[in-house]
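Here is a quick walk through one chain, helix by helix and then loop by loop. Have the sequence and the model open while you read.

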Amino acid sequence: YEPNAVLATRDGLEAGCDIDSGHTYADNLQTAVELGVVDQTFVDLALYRSYKMRFITGLFDPNVTNYYRSINVSEVGQASYQDNSKQASRKVMTLLKNDNDTLPFARGKTIAVIGKSSNTSEDLLGNYVGPICPDGRFECVKTLAQGIADANNGASVTVHNDTTDVAAAVAAAKAADYVVLTISNYGQAGEGKDRMYIGLSDDQKTLAAAVLAVSGEFEIPHLSGFANRAHYLNCKQY
């Protein structure tokens, strides 16, 4: 790590990182050049390569010669594309543990869905995602809790996504036949924001420890756009 963003800008350019999608270059490159920290040669080279890539991919071609500019908005989000996305998502999901054949849950039971990102569409889509829905938002995608409720044949599904209210989460877990405890690193990192650690936030650790102390059967989905260190989630029932 560098002590300041000016030196980080230098390191990035000299290492061949031509484009910074955050604000580091935009806020510090001019200062770095003026102070002599970055040689203008590296700036010119990064600019040349960035524009060359755009010329090669046709971004400066007239509209009539670029096929991608002719795609109609109505083609976006078609049912067949959504089905392909669904199939891809199913294939990349990984079941890490299923002691005592806890999964699949029996339908029609009382389920408590607890934890960060358990009832938020945007978090479910990952840490690096653009607008998904026609209105530019995310609510057209069902949350994890909504999907569970739809699949549970009308039986009770309670949702608790306040990670600071541990007592209420524990009460919900005790009252349920099954518990879905989500863990998430959403908001810890993203474009222009790196993580200093790969573990869960302290509030999630506290919540998870309290909920997992309740006897019962658990599912713990990792709703994470990045790697998570979650070795402390040691529970026989999940």
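## Helix 3 and what covers it

Val43, Ala46 and Ser50 are the buried residues of helix 3; buried means under 20% relative accessible area, exposed over 50%, and partly exposed in between, with a 1.4 Å probe and protein chains only. These buried residues cover an arc of only 70 degrees around the axis, which puts them on the same side of helix 3; the arc is that of the directions from the helix axis to the C-beta atoms. In general, an α-helix has 3.6 residues a turn, so residues three or four places apart point the same way.

Before going on, a word on the ground rules. This is a predicted model, with residues numbered from 1 along each chain as its sequence is written. Local features need pLDDT of at least 70 and side-chain atom pairs count only at pLDDT 80 or more, while totals for chains, interfaces and linings use all residues; side-chain values use heavy atoms, with hydrogens and water left out. Helices (H or I, at least four residues) and strands (E, at least two) are DSSP runs, numbered from the N terminus.

Back to helix 3: its other side carries Thr41, Tyr48, Phe55 and Ile56, which are exposed. Helix 1 (5-14) and helix 2 (24-34) are among the elements that cover the buried residues, where contact means heavy atoms within 4.5 Å. How far apart are the end C-alpha atoms of helix 3? They are 24 Å apart, which agrees with the 24 Å that 17 residues (40-56) should span at 1.5 Å a residue; the expected span is 1.5 Å times one less than the number of residues. After the helix comes glycine 58, with a positive phi near 85 degrees.

In helix 2 sits threonine 24, which is partly exposed with a relative accessible area of 31%. Leaving out residues up to four places away in sequence, threonine 24 touches Ala5, Thr9 and Leu29. Its C-alpha atom is 44 Å from that of alanine 172, which is 148 residues away along the chain.

## Helix 7

Alanine 172 also turns up among the buried residues of helix 7 (residues 166-174), which are Ala169, Val170, Ala172 and Ala173. They cover an arc of only 160 degrees around the axis, which puts them on the same side of helix 7. The face turned away from that side carries the exposed residues Ala167 and Lys174. What do the buried residues of helix 7 pack against? Their partners are strand 1, strand 2 (157-160), strand 3 and helix 8.

## Aromatic pairs

The model has three aromatic pairs. Rings of Phe, Tyr and Trp (its six-membered ring) pair if their centres lie within 6.5 Å; planes under 30 degrees apart count as stacked, over 60 as edge-to-face and the rest as tilted. Phenylalanine 105 and tyrosine 178 have ring centres 4.1 Å apart and planes at 5 degrees, so this pair is stacked. The pair links distant parts of the chain, 73 residues apart: phenylalanine 105 is in the loop between helix 4 (79-92) and strand 1 (111-114), and tyrosine 178 is in strand 3 (residues 178-181). Both phenylalanine 105 and tyrosine 178 are buried. Elsewhere, ring pairs join Tyr51, Phe55 and Phe60 into a cluster.

## Backbone oddities and loops

Most residues other than glycine have a negative phi, and most peptide bonds are trans. Here are two residues that have a positive phi without being glycine.

| Residue | Phi | Place | Relative accessibility |
|---|---|---|---|
| Serine 117 | about 70 degrees | loop between strand 1 and helix 5 (121-124) | 4%, buried |
| Asparagine 153 | near 55 degrees | loop between helix 6 (144-151) and strand 2 | 58%, exposed |

There is also a cis peptide bond, with omega about 0 degrees, between leucine 103 and proline 104. Proline 104 lies in the loop between helix 4 and strand 1. Leucine 95 is in the loop between helix 4 and strand 1 too, and counts as exposed at 57% relative accessibility. Leucine 95 and isoleucine 220 are 125 residues apart in sequence, yet 10.0 Å apart in space, C-alpha to C-alpha.
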